[in-house]
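Reader: I'd like a close look at how the charged side chains are paired, or left unpaired, in this model. Please take me through them slowly, and tell me a little about their surroundings too.

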Amino acid sequence: MNNIIQHDIIQQHLINFTTKLIKNVEEMLSKEWDFTKLVEVVKESTDELGRNIIKDFLEELDKAIKEDDKRKKEWIVERKDKKSIITLLGGIEYSRTYYKSRKSGEYRYLLDDVIGIRKQ
């Protein structure tokens, strides 16, 4: 995957994260000061940042696989599906492409192979 795309994904999420975190902290501080609440706000914000970065990274990786010339010779695009996974950061839902092998006729999510998600 292109490093510029990775950089842009992270940069955009950091801008959104910073803006939202500042707003949440200012809102919290305008009320009664509560250290526990501050920790919760920061944790929720950082978890959301992580989920968003991972979602976009996975979808960009799926796009790179889809555009790959070698893949095009070996696999046919069948459809796009949603996938939900539970992580330490919380649930992440992302889109992935379902493929059919030109040679064997088998069906697979190539993104799952790349990131190590096994079929259940």
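Author: Let's begin with the term we need most: a salt bridge here is a side-chain nitrogen of Lys or Arg within 4 Å of a carboxyl oxygen of Asp or Glu. Please keep in mind as we go that this is a predicted model. With that cut-off, the structure holds 8 salt bridges, and I'll walk you through several of them.

A good place to start is helix α2, which covers residues 35–67. Here K43 pairs with D47, and their closest N and O atoms are 2.5 Å apart. The two residues are separated by 4 positions in the helix, about one turn. Their surroundings are not alike: K43 is partly exposed because its relative accessibility is 47%, whereas D47 is buried, with a relative accessible area of 14%.

Further along α2 there is another pair with this spacing. K55 and E59 form a salt bridge with an N to O distance of 3.0 Å, and they too sit 4 residues apart, about one turn of the helix. K55 is partly exposed, since its relative accessibility comes to 27%.

While you are on α2, have a look at two residues beside K43. E44 is also in this helix, and its relative accessibility of 52% is why it counts as exposed. To give you a sense of the distances involved, the C-alpha atoms of E44 and Y98 are 32 Å apart, with their positions 54 residues apart in sequence. S45, again in helix α2, is buried because its relative accessibility is 6%. Setting aside neighbours within four places in sequence, S45 is in contact with F17, L21 and N24. For N24, the C-alpha distance to S45 is 9.0 Å, across 21 residues of sequence.

The loop between α1 (3–30) and α2 carries W33. This tryptophan is exposed, as its relative accessible area is 51%, yet W33 still touches M28 and L38 when residues up to four places away in sequence are not counted.

Now let's move to strand β1, residues 75–87. R79 forms a salt bridge with D81, whose closest approach to R79 is 2.9 Å between N and O atoms. R79 is partly exposed, with 42% relative accessible area, and D81 is buried at 18%.

K83, which lies in strand β1, is the unpaired case you may find interesting. K83 is buried but has no salt bridge. The nearest side chain of opposite charge belongs to D112, 5.4 Å away, and a salt bridge needs the nitrogen to be within 4 Å of a carboxyl oxygen, so this pair does not qualify. Beyond its neighbours within four places in sequence, K83 is in contact with I92, E93, Y94, R96 and I117.

Two names from K83's surroundings, R96 and D112, come up again at the largest pocket. This pocket holds about 210 Å³ of space. It is lined by 12 residues, and those closest to its centre are R96, Y109, D112, R118 and K119. By character, the lining divides into 7 charged, 4 nonpolar and 1 polar residue. As for where these residues come from, β2 (90–101), β3 (107–108) and α4 (110–115) each supply at least two of them.

One more group of charges deserves a visit. E106, R108 and D113 are joined in a network of salt bridges. In the loop between β2 and β3 you will also find S104, which is exposed because its relative accessibility is 51%. Although 30 residues separate S104 from E74 in sequence, their C-alpha atoms are 9.6 Å apart.

To bring the pieces together: helix α2 has K43 with D47 and K55 with E59, in each case about one turn apart. R79 is bridged to D81, and a network links E106, R108 and D113. K83, in contrast, is buried without a salt bridge, with D112 as its nearest side chain of opposite charge. If you return to the model with one spot in mind, I'd suggest D112, since you can trace from there both to K83 and to the centre of the largest pocket.

How values were computed:
Residues numbered from 1 in each chain as written. Predicted model: local features only at pLDDT ≥ 70, side-chain atom pairs only at ≥ 80, totals over all residues. Heavy atoms only, no water. Buried < 20%, exposed > 50% of the residue type's maximum accessible area, 1.4 Å probe, protein only. Lys, Arg positive; Asp, Glu negative; His and termini not counted. Contact = heavy atoms within 4.5 Å. 1 Å grid on protein atoms, 1.4 Å probe; cavity = no way out; pocket = protein on both sides within 12 Å on 5 of 7 lines; lining within 4 Å. Points joined across faces, edges and corners; volume = space filled by probe spheres on them. Nonpolar A, V, L, I, M, F, W, Y, C, P; charged D, E, K, R; others polar.
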